[in-house]
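Me: Can you walk me through how the labels in a structure get decided? I'd like to see the reasoning, not just the names.

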Amino acid sequence: MIIQLEKGINNELRNSVENELKTLKYKTTSVKTQYGDYLIGTGKKAFDIRKIGHIDGIKDIHVVSDDYKLVSRKWKVNRTQIDLGDDVKIGDGVFSIMAGPCSIEGEKNIRETVDFLKENNVSIMRGGVFKPRSSPYSFRGLGIDGLKLWYEIAKEKGIKIVTEVMQVSQIDEMHDFVDMFQVGARNTQNYNLLDALGQVDKPVMIKRGISGTIDELLYSAEYVFSGGNERLLLCERGIRTYERASRNTFDINAIPILREKSHLPVIADPSHGIGIRDYVDSIAMASTVAGADGIIFEIHSKPEEAYSDGQQTLDLGESERLIKRLNQLRELLNNKE
Ligand code: PEP
Ligand code: MN
């Protein structure tokens with residue numbers, strides 16, 4: 001059950017709502033976000049919500065039977081839109097393209113990517129500065145200095161940044177230099193990190209865990225929301241299955257299912273999803289048809305020289321073609337809606 005409280009509700013009224021729920025054997029959790037004040041009630045036995053509906057200070061009550069509640073569409077029918085400022089928005093009808101190298105490699109790499117994105121009207125650049133790598137001997141990112149340099153160049157050109165945060169201690173140092181935090185597939189169930197991101201007033205894009213179910217992704221998002229941050233996006237990036245012909249098995253099913261279960265925008269990552277350069281385009285297009293609110297993919301001027309994930313990275317010509325095709329497809333879909 002989600003109880004939306006009136007803005008600025010006084011403690012006395014808040015206590016009376018909580019006490020009433022306790023008498024009904026409901027456990028209550030207070031959640032205060034950028035936009036709302038909520039009381040989450042969890043209990044075994046359903047009751048007639050009119051029993052508490054009369055209490056002053058309650059704006060609305062929603063019965064949400066799912067274990068994840070705030071991210072559920074059962075109480076919030078309108079889709080969430082993420083506003084990054086400067087008219088850069090994601091979701092609720094606004095389709096978004098995000099592109100950039102797997103890892104940020106240095107000034108030349110940043111500048112050529114930023115210039116490419118500008119030329120192609122893409123406003124959000126992806127890239128890793130803290131890289132989770134399977135082998136400790138692989139390139140692990142330029143760290144905070146790389147992020148600062150990237151931010152300076154991107155800001156100058158009006159490009160927004162999305163980048164992965166790997167641990168709680170990095171949040172503060174990164175905060176002023178990112179527009180959106182990314183939680184990587186290896187960290188989707190790092191609950192300390194999710195709790196800490198709940199305290200941050202920047203959007204967070206959460207990737208599906210390597211072997212994570214759709215529900216587990218929603219629970220991860222629930223952690224951040226219930227921690228106080230409702231500016232969230234979900235990202236399907238493929239899961240590990242028995243199939244070895246592709247890097248991961250991109251779960252196209254997850255796109256409509258996530259959009260049905262949750263009001264949060266759903267982003268597709270075809271690069272990690274299939275892991276093969278030649279097919280990134282097809283999976284990106286398929287995801288768009290399936291209803292994705294945006295596509296994030298890896299690009300590089302010379303993919304064969306990329307510090308990481310070159311095998312799934314599009315060169316700039318291929319990227320330009322994909323961006324054009326995605327925009328055309330969106331137009332076609334919009335006309336059909
Ligand atoms: C990435 O986007 O750079 C990345 C490491 O992706 P994932 O967490 O999905 O593996
Ligand atoms: Mn990558």
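**Ligand 1 and the spaces in the model**

Reply: Happy to, starting with one contact in this predicted model: an oxygen atom of ligand 1 is 2.7 Å from a polar backbone atom of A185.

Me: What makes that pair with A185 a polar contact?

Reply: A polar contact needs N or O atoms within 3.5 Å. The A185 pair sits at 2.7 Å, so it counts. Two side chains pass as well: a polar atom of K131 lies 2.9 Å from an oxygen atom of ligand 1, and one of Q182 lies 3.0 Å from an oxygen atom of the ligand. As for cover, ligand 1 on its own has 300 Å² of accessible area, and the protein covers 97% of it.

Me: Which residues surround ligand 1?

Reply: They are R126, K131, E164, Q182, G184, A185, R186, K207, R237 and H272. Sorted by class, this shell has 6 charged, 3 polar and 1 nonpolar. Gly counts as polar and Ala as nonpolar, so G184 goes with the polar group and A185 with the nonpolar one.

Me: How do you know where ligand 1 sits?

Reply: The test is that more than half of a molecule's atoms lie within 2 Å of the grid points of a space. Ligand 1 takes up the largest pocket, which holds about 290 Å³ of space. That pocket is lined by 21 residues, and the closest to its centre are P132, R186, R247, H272 and D309. Its lining splits into 10 charged, 8 polar and 3 nonpolar residues.

Me: Why is the space lined by E112, T113, I299, H300, S301 and L316 called a cavity?

Reply: In a cavity a 1.4 Å probe fits but cannot get out, whereas a pocket is open, so the space lined by those residues is closed to the probe. The largest cavity has a volume of about 30 Å³, and the count of cavities of 30 Å³ or more comes to 1. Its lining has 3 polar, 2 nonpolar and 1 charged residues.

Conventions: Residues numbered from 1 in each chain as written. Chains lettered and ligands numbered in written order. Predicted model: local features only at pLDDT ≥ 70, side-chain atom pairs only at ≥ 80, totals over all residues. Heavy atoms only, no water. Near = heavy atom within 4 Å. Polar contact = N/O pair within 3.5 Å; in protein donor to acceptor, adjacent residues only side chain to side chain. Areas by Shrake-Rupley, 256 points an atom, 1.4 Å probe, with all protein chains shown as cover. 1 Å grid on protein atoms, 1.4 Å probe; cavity = no way out; pocket = protein on both sides within 12 Å on 5 of 7 lines; lining within 4 Å. Points joined across faces, edges and corners; volume = space filled by probe spheres on them.
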